[in-house]
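Here is a friendly walk through two sheets, a pocket and a few unusual backbone spots. Have the structure open as you read.

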Amino acid sequence: MGNLRAFLFLLGALGALAEFCVIPQLDSQLVERLGQRLLPWMDQLSREHLNPSIYVGLRLSSLQAGTKEDLYLHSLKLDYQQCLLGPATSDDNGDCPTKPSMGQLALYMLALRANCEFVRGRKGDRLVSQLKWFLEDEKRAIGHSHKGHPHTSYYQYGLSVLALCVHQKLVHDSVVGKLLYAVEHDHHLHQDHFSVDTMAVAGLAFACLERSYFNSDLRPRITTAIGTVQEKILKAQTPEGYFGNVYSTPLALQFLMSSPLSGVELGPACLKARAALLANLQDGAFQNAVMISQLLPVLNHKTYVDLIFPDCQAPRGLLVAAPEDASLIHIPEVISVVLEVSSVLPPYKRAISVVAGSSLEDVLKKAQELGGFTFGTRASLSGPFLTSVMGKVAGDREFWQLLQAPDTPLLQGIADYRPRDGETIKLRLVSW
Ligand code: B12
């Protein structure tokens, strides 16, 4: 009894000092509709479409997909193990034309943990070694004086530290040190373009490390870095309530929910972000499977840090496919979208007619059919990523940026963005 009283007293004292980011429950139908959008993705079991982020998001949500979910994890395991642990000497890559990247391996390890599995045995050890090797390589690319850049990004670097941490694998101090340095001198993360997402993932990795037994020499720096990330993310809140933009808000909230904050009013900031997200959910802004998978845990008061001790027995509601929406069937209306490419000589500009509701990818395809325009894409977990335009391939640390004229970067990719009638879309080769 005395112990209980002492515990309650401690809780009260902590409550007075620290404030938690709490997101009140959202309408369960809204959450269910969000989950339903993942179901068609889970039917696609080919190498190109398998996406560990979807599995992680679903397992940390209040929803489940029954046997579909089991089959999905099974397919992920077959695919990732074959691609990562297949014969290293074989030239024949068979079904595995591209090996998973460092970040994809990290997400796969998070998926295993979301099913309450630890990587173990000979195969598990090889996965861990591979992820550690990737990180060592990135550490070398950043260099002693921190002047270089990771081959992938600090986002994937943070995700990999997090994945090793939730599997209770030691990450060398020098590897964690590079991520700490990047947060302490955040111009490095700004070069990643989307600093809030990257900051949030780094923060989640630190929040996990802070709860682990490892890296004790770095503990004070880790605690300070958590405070720095909190501060930066709160500072990045827009008047509408987003942390960064609408799509970085889910990861930002995951991070803020993972660590109590002392001395700062966290509650109102989180409530404002929730209100902004709610408005977007009602507008259907969350269509992309990766974005939905980063948001679902937040709506269930969970974060990636919970993968340290996931609760695999928690009851989750069974998802059933949504009935076809009859309101979507209507007479096609034709719209005109202007496509402009200034990074080539001679510059390209042409009005393209497409059916209303077409994606930007449809516009690009139509332009290609009409002649005088070509483009290329690479599959990614977020969907098709535009890699080349008019034969010009984006080089190292360059990308084809999508903009709405005159100068507003799009917040969605070519498969998700649906231009309106009369809109001008610009494609511009930029460095990042
Ligand atoms: C790093 C990053 C970039 C880098 C990627 C290069 C690199 N070497 O890493 C750069 C700066 C080039 C970039 C570009 C863009 N990005 Co980006 N990016 C990210 C970030 C921070 C991490 C992605 C990642 O590594 N994921 C983990 C790995 C394991 O997954 P992956 O699928 O293998 O990763 C690849 C893809 O994600 C791809 N990629 C990166 N961004 C985007 C965006 C889209 C729409 C697609 C299809 C693919 C894609 O590059 C990754 C590396 O190869 C995410 C943040 C997030 N919350 O997810 C935003 C994010 C995915 N990007 C976003 C956007 C909008 C874009 C752009 C469309 C911006 C623009 N207006 O041009 C462009 C893509 C244009 C194109 N050519 O198709 C949004 C997508 C929102 C949505 N609704 O889906 C996010 C969520 C950021 C945000 N909060 O707004 N991005």
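## The three-stranded sheet

Two strands count as paired if DSSP finds at least two bridges between them. With that in hand, look at the open sheet of three strands, whose order is 7-8-9 and whose pairing is antiparallel. Strand 7 and strand 9 are at its edges with a single partner strand each, so one side of each has no neighbour in the sheet. Please keep in mind throughout that this is a predicted model.

How many bridges join strand 7 to strand 8? There are six, and the two strands run antiparallel. Strand 7 and strand 8 make a hairpin, with two residues between them. Along this pairing you can find A379 opposite P384 in strand 8. On the other side, strand 8 and strand 9 are joined by two bridges, again in the antiparallel sense. There, S388 has V393 of strand 9 as its bridge partner.

## T387 and M390

T387 sits in strand 8. Is T387 buried or exposed? Its relative accessible area is 19%, and because buried means under 20%, T387 counts as buried. Beyond its neighbours within four places in sequence, T387 is in contact with G376, T377 and R378, as well as K392, V393, A394 and W400.

A little further along is M390, in the loop between strand 8 and strand 9 (392–393). M390 is not a glycine, yet its phi is positive, at about 50°. With a relative accessibility of 26%, M390 is partly exposed.

## The five-stranded sheet

The model also has an open sheet of five strands, in the order 6-5-12-10-11 and with mixed pairing. Its edge strands are strand 6 (348–355) and strand 11 (408–409), and each of these pairs on one side only. Strand 5 (residues 334–341) pairs with strand 6 in the antiparallel sense over eight bridges. Within that pairing, V334 is opposite V355 in strand 6.

Which helix packs on this sheet? Helix 16 (residues 360–370) does, touching strand 5, strand 6, strand 10 (398–404) and strand 12 (424–431). The direction of helix 16 makes about 115° with that of strand 6. Helix 16 also lies across strand 7 and strand 8, running at about 145° to strand 7. That gives helix 16 contacts with strands of the five-stranded sheet and with strands of the three-stranded one.

## Unusual backbone spots

Most residues other than glycine have a negative phi, and most peptide bonds are trans. Against that background, some places deserve a look. L345 and P346 are joined by a cis peptide bond, with omega of about -10°. P346 lies in the loop between strand 5 and strand 6. Another cis peptide bond joins A405 and P406, with omega of about 5°. P406 belongs to the loop between strand 10 and strand 11.

N215, which is not a glycine, has a positive phi of about 50°. You will find N215 in the loop between helix 11 (195–211) and helix 12 (219–235). N215 is buried, with a relative accessible area of 6%.

## The second largest pocket

The second largest pocket holds about 1300 Å³ of space. Which of its 40 lining residues are the closest to its centre? They are R37, Q287, N288, D416 and R418. By type, the lining divides into 20 nonpolar, eleven polar and nine charged residues.

Several elements supply at least two residues each to this lining: helix 2 (28–36), helix 3 (39–42), helix 15 (289–299), strand 7 (375–380) and strand 8 (383–389). The largest share, three residues, comes from helix 3. Strand 7 and strand 8 thus appear both in the hairpin and in the lining of this pocket.

## R126 in helix 7

Finally, turn to R126, in helix 7 (residues 121–142). R126 is partly exposed, at 38% relative accessibility. Not counting residues up to four places away in sequence, R126 touches L85 and G86. How far apart are R126 and V430 in sequence and in space? They are separated by 304 residues in sequence and by 37 Å in space, C-alpha to C-alpha.

Notes. Residues numbered from 1 in each chain as written. Predicted model: local features only at pLDDT ≥ 70, side-chain atom pairs only at ≥ 80, totals over all residues. Heavy atoms only, no water. Helix = DSSP H or I, 4+ residues; strand = E, 2+ residues; numbered from the N terminus. Contact = heavy atoms within 4.5 Å. Axes fitted to C-alpha atoms, helices over the stretch in contact; angles between N-to-C directions. 1 Å grid on protein atoms, 1.4 Å probe; cavity = no way out; pocket = protein on both sides within 12 Å on 5 of 7 lines; lining within 4 Å. Points joined across faces, edges and corners; volume = space filled by probe spheres on them. Nonpolar A, V, L, I, M, F, W, Y, C, P; charged D, E, K, R; others polar. Buried < 20%, exposed > 50% of the residue type's maximum accessible area, 1.4 Å probe, protein only.
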